[in-house]
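Reader: I'd like a close look at one part of this structure, the sheet and what packs against it. Could you walk me through that in plain words?

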Amino acid sequence: MQTAARSIPTVIPAQACPRPRSGAGIQIEPPIVKHLGVVQYAPTYEAMRRFTETRSAATADELWVLEHPPVYTVGVAGRKEHFPRGSKIPLERVDRGGQITYHGPGQAIVYTLVDLVRRHLTVRAMVTTIEQAVIDTLAAHDVRAERKSSAPGVYVAGAKIAALGLRVRRGCCYHGVALNVNMDLEPFSAIDPCGYPGLEVTQTSALGVAAGAEQLGRALAERISQLIVR
C-alpha cells in the first residue's frame, strides 16, 4: 500500500553543532541524518530554504532522506521546450541549478544541507562527491555506474539513474540528489529529462536490485556522510 504524503513541519529548526566553523586541526562532525518519509514537495523546498537562510556557522549539517508524491521540478536554467507535454502532474519552479526532472514515489531522495566553507568543499567538489556516493551505493549491489563530465548525474549503460542539482547561499548548499529505485518512469517520457530530448532513464529495480527506496536512501545518505567528513 502506498504511504500517503504528509507535510513536514512549518519550520525545521537548525540544530547547534558543538564544533565551530573550520580551523586547523578541527574535526567536523558528521551531518545529522533525518528520515522524513513521503512528504509534499513545496513545504520541503521552503523548509530547506529557511534552514539555509537561518543557519549559523555553528549549525550542524543535515541530510534529509525522503520521497515525494508525483511532481516535476524546474531549475533556474529551465526552458519551456523541455516542459511536460500533456501531463497533469504539478510543476514547481525552484532555485536549484539545471533543467527539469521528475520526482515520484519509489525514488530515493537525499537533500544535502551542507556548509561547504566549513568542510572546505567547492560546489564542483560537492557535486562530484554526491555522484561518487551514488556510484558507490550502486556498486554495493553489483551495478556499475558512471558520471558524465558534460552532464551532472549518474548513468548506467548510458541511461540516467540519478539526477542532482544544488543551490548555494551564504556558503551553504541545499537541494541534492534523486536516485530512481522502483517508480513509475512513464512521467519522464512527457519531458526532456534534465533538458536532454530522448534521454533514457532507468532504475535500480530494472537492474536486479531488490532494495527499496527507503533502504537505498539510507545507504546513500550514509555514503555521502562518509565522503564529506574530513
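Author: One definition to start: two strands count as paired if DSSP finds at least two bridges between them. With that in hand, and bearing in mind that this is a predicted model, here's the sheet: seven strands, open, in the order β1-β2-β6-β10-β9-β8-β7, with mixed pairing. The edges are β1 and β7 (146-148), each pairing on one side only. On average, neighbouring strands are turned by 20 degrees against each other, ignoring direction.

Zoom in on β8 and β9: they run antiparallel and are joined by three bridges. Val156 sits opposite Ala159 of β9.

Now for the helices. α1 (residues 41-54) packs on the sheet, touching β2, β6, β9 and β10, and its direction makes about 150 degrees with that of β10. α2 lies across β6, β7, β8, β9 and β10, and runs at about 150 degrees to β9. Then there's α3, with 16 residues. Its buried residues include Leu216, Leu220 and Ile224, and among the elements covering the buried residues of α3 are β1 (32-38), β2 and α2.

What fills the middle? The largest nonpolar core has 34 residues, and Met126, Leu138, Val177 and Leu179 have the most contacts inside it. Several elements supply at least two residues each, including β9 (159-169), β10 (172-180) and α3 (213-228), but α2 gives the most, with seven. Take Leu138: among the residues it touches are Val154, Val156, Ile161 and Leu179. There's also a second, separate core of 16 residues, which includes Leu36, Tyr41, Trp64 and Tyr174.

Note on methods: Residues are numbered from 1 along each chain as its sequence is written. This is a predicted model: local features need pLDDT of at least 70, side-chain atom pairs count only at pLDDT 80 or more; totals for chains, interfaces and linings use all residues. Side-chain values use heavy atoms; hydrogens and water are left out. A nonpolar core is a set of buried Ala, Val, Leu, Ile, Met, Phe, Trp, Tyr and Cys residues joined through side-chain atoms within 4.5 Å. Buried means under 20% relative accessible area, exposed over 50%, partly exposed in between (1.4 Å probe, protein chains only). Helices (H or I, at least four residues) and strands (E, at least two) are DSSP runs, numbered from the N terminus. Contact means heavy atoms within 4.5 Å. The expected span of a helix is 1.5 Å times one less than its number of residues. Axes are lines fitted to C-alpha atoms, for helices over the stretch in contact, and angles run from 0 to 180 degrees between N-to-C directions. Lists of a residue's contacts leave out its neighbours within four places in sequence.
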